Amino acid sequence: MKNNLKKMLSYYKPYLGTFFLDMFFAVVASAIALVIPLVVRNITAQIPNMTPESGMQKILTIGAVLIFLVIVQFFANYYIAYVGHVMGAKMEYDMRAEIFSHYQKLSFSFFDDQKVGQLMSRITNDLFEITELLHHGPENIVISLIKIVGALIILAGISGYLTLSAFVLLPFMFLFAFILNKRMRKAFRQNRVKIAEINTQIEDNLSGIRVVKSFANEDIENEKFKAGNDGFLTAKKASYLNMGIFQSGMTAFTLLINIVVITVGGALMSKGLVEVPDFVAFLLYINIFTEPVRTLVDFTEQFQNGYTGFERFVEMVSIEPDIKDKEDAVPLTDVKGEIRFEDVSFKYKDGAHRVLRHIDLNIPAGSYVALVGSSGGGKTTLCSLIPRFYDVTKGSIKIDGKDIRDVSLKSLRDNIGIVQQDVYLFAGTVYDNISYGRPGASREEIIEASKLANAHDFIMSLPEGYETDIGQRGVKLSGGQKQRISIARVFLKNPPILIFDEATSALDNESENIVKESLERLAKNRTTLVIAHRLSTIRNAQRILVLTENGIEESGTHDELIKKNGIYASLYKWNE
């Protein structure tokens, strides 16, 4: 907890000037709140003994002073409410930028085990509660302590007996608050888990809404959501039950303290031990005293809420990426494209089944190599190791003789272009998605890349050409059109190494022929690896590798492997 609090306090550092001014105005506002009952006491004690003229003069003077104090308090509260909140928003901005940047650093293995809705909850709901704590927490503590200490001193000065009577119930009040806050912390943490689960379910449903509708499974989705929503409601009920007991209990304790003071005060006044002005002032200060006590107790709820979120925040940003640059990593430059696998084995997790076993493979620069084999044989995994989406469990992969673990990740991935079967396009325009291949490229370069990808003509037929909005994940485009945009993106990147992961398997014949032509043009004079689903598309490969659970079982050209009449020949006949 000590380290978490230290990290939490570090977010104040860029805003120390604003923070200290916020604290200063908190002191001013609470000091003024303490002064006003003293003025009331002064009026009720002195005015009855003064002449009407002098009494009126004193009232007007006191009124002017009070108006001035109200104006000062107005500006103090304005600063706290506006500038203080902006400071909190800026800290939320900083933390959101930090966790989003951290997400970008984490490796594929992390995202394999995560749900998008859960990750979104960490960057939205949790951060709001954290910044509410960072903003309101310190000022609530300062205001409350000043009011409590100030009121306590004044109360003791007015009447020691009344002060003791007011304090009789305070230990029980704090014990009650401690027990209830412990329960609420547990409930609030459960609330966060449940809302994150709902976010996951909503994101999953909306991303797959076309599948839902195609199977007419809206009722099933509603039932699934109802189960999650019911779980969240149950968690909320538990937190509100404790909150209801807490708030009503605190109100009851405040009223009981007032009742005790009124009872004892009445008895003391009847014996002449307390004057009426002192008793009136005491009642006013009791409310000033109990209000910050309640604020402090409420702060424990706010602290539990915000700190629970901060624990989840720290838990996330503390995760170290599985794959990162070495301290002495060097840029990969002047890439020719030779790729060598040396005794490479791989498994996704410790204790898991090995996907690849003792792979030895040399791919000369500029060659065109195809990978085939049954599903689960490790084709995609093998290609994912080259850009270090995952790290080898054993052995090494070298590009132009350099171990890819010794070069910087950015330079490695800058030199590799990937065209996947499941094309991901971002919300935005056609132009935006193609320029993603090389941010800062000129419009002429983007148009040229589109022409090379056989995409320019269909783009120009769209309502607004390159400025056409393609919708979330490119839903307004056909599969072939999305694929050609992804190829144009890689043309713009212009990498020396290419990986095609079953890039045409989901297309119709016409689209496949257009995309195939684009891919062949893109592959020219580059080291190219193709994961093939339709074996007819790789007949011209310089080398075909048959990958199974046992490793590379066959290697050769299409004609050589057909003559061998082995695994490849069987797969080809089955495809045909």
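**Figure 1. A salt bridge within helix H3 of the predicted model.** Glu 92 is buried, with a relative accessible area of 13%, a value that falls under the 20% limit for buried residues. This view, like those that follow, is taken from a predicted model. The side chain of Glu 92 meets that of Arg 96 in a salt bridge, with an N to O distance of 2.8 Å. Both residues belong to helix H3 and are separated by 4 residues, about one turn of the helix. Arg 96, in contrast to its buried partner, is partly exposed, its relative accessible area being 29%. This pair belongs to a set of salt bridges that comes to 13 by the rule applied here.

**Figure 2. A nonpolar surface patch that includes Ile 67.** Ile 67, Ile 71, Phe 74, Phe 75, Tyr 78, Tyr 82 and Val 86 make a nonpolar patch on the surface, with an area of about 730 Å². Ile 67 is located in helix H3, which covers residues 52–105. With a relative accessibility of 54%, Ile 67 counts as exposed, because the limit for that class is over 50%.

**Figure 3. A salt bridge between strands E4 and E1.** Lys 394 and Asp 343 form a salt bridge in which the closest N and O atoms are 3.7 Å apart. Lys 394 is in strand E4 (residues 394–399) and Asp 343 is in strand E1 (residues 339–346), so the pair ties together parts of the chain that are 51 residues apart in sequence. Both partners are partly exposed: the relative accessible area is 36% for Lys 394 and 28% for Asp 343.

**Figure 4. The open antiparallel sheet of four strands.** The 4 strands of this open sheet follow the order E2-E1-E4-E5, and their pairing is antiparallel. Strand E2 (356–363) and strand E5 (402–403) are the edge strands, each pairing on one side only. Between E4 and E5, the antiparallel pairing extends over 2 bridges. Within this pairing, Lys 398 stands opposite Asp 403 of E5.

**Figure 5. A salt bridge between helix H15 and a loop.** The side chains of Arg 443 and Glu 467 meet in a salt bridge, at 3.2 Å from N to O. Arg 443 lies in helix H15 (residues 443–452), whereas Glu 467 lies in the loop between helix H16 (456–460) and helix H17 (479–493); the pair thereby links distant parts of the chain, 24 residues apart. Arg 443 counts as partly exposed at 35% relative accessibility. Glu 467 is likewise partly exposed, with a relative accessible area of 36%.

**Figure 6. The open mixed sheet of six strands.** This open sheet has 6 strands in the order E6-E7-E8-E3-E9-E10, with mixed pairing. Strand E6 (416–420) and strand E10 (551–556) stand at the edges with a single partner strand each, so one side of each has no neighbour in the sheet. On average, and with direction ignored, neighbouring strands of the sheet are turned by 20° against each other. Strands of a sheet pair through backbone hydrogen bonds, either parallel or antiparallel. Here, strand E3 (residues 368–372) and strand E8 (residues 527–531) run parallel and are joined by 4 bridges. Val 369 stands opposite Leu 529 in E8. Helix H17 packs on the sheet, where it touches E6 and strand E7 (497–501), and the direction of H17 makes about 175° with that of E6.

**Figure 7. The hairpin of strands E9 and E10.** Strand E9 (residues 543–548) runs antiparallel to E10, and 5 bridges join the two. The hairpin connection from E9 to E10 passes through 2 residues. Leu 547 has Ile 552 of E10 as its bridge partner. E10 is also one of the edge strands of the sheet shown in Figure 6.

**Figure 8. The surroundings of Thr 290 in helix H11.** Thr 290 is part of helix H11, which covers residues 276–317. The residue is buried, with a relative accessible area of 4%. Apart from residues up to four places away in sequence, Thr 290 touches Thr 254 and Ile 257. Thr 290 and Ala 166 are 124 residues apart in sequence, and their C-alpha atoms are 9.6 Å apart in space.

Conventions. Residues numbered from 1 in each chain as written. Predicted model: local features only at pLDDT ≥ 70, side-chain atom pairs only at ≥ 80, totals over all residues. Heavy atoms only, no water. Patch = residues over 30% accessible without salt bridge, like charges linked within 9 Å, V, L, I, M, F, W, Y side chains within 5 Å. Areas by Shrake-Rupley, 256 points an atom, 1.4 Å probe, with all protein chains shown as cover. Salt bridge = Lys/Arg side-chain N within 4 Å of Asp/Glu carboxyl O. Buried < 20%, exposed > 50% of the residue type's maximum accessible area, 1.4 Å probe, protein only. Pairing = 2+ DSSP bridges. Axes fitted to C-alpha atoms, helices over the stretch in contact; angles between N-to-C directions. Contact = heavy atoms within 4.5 Å.
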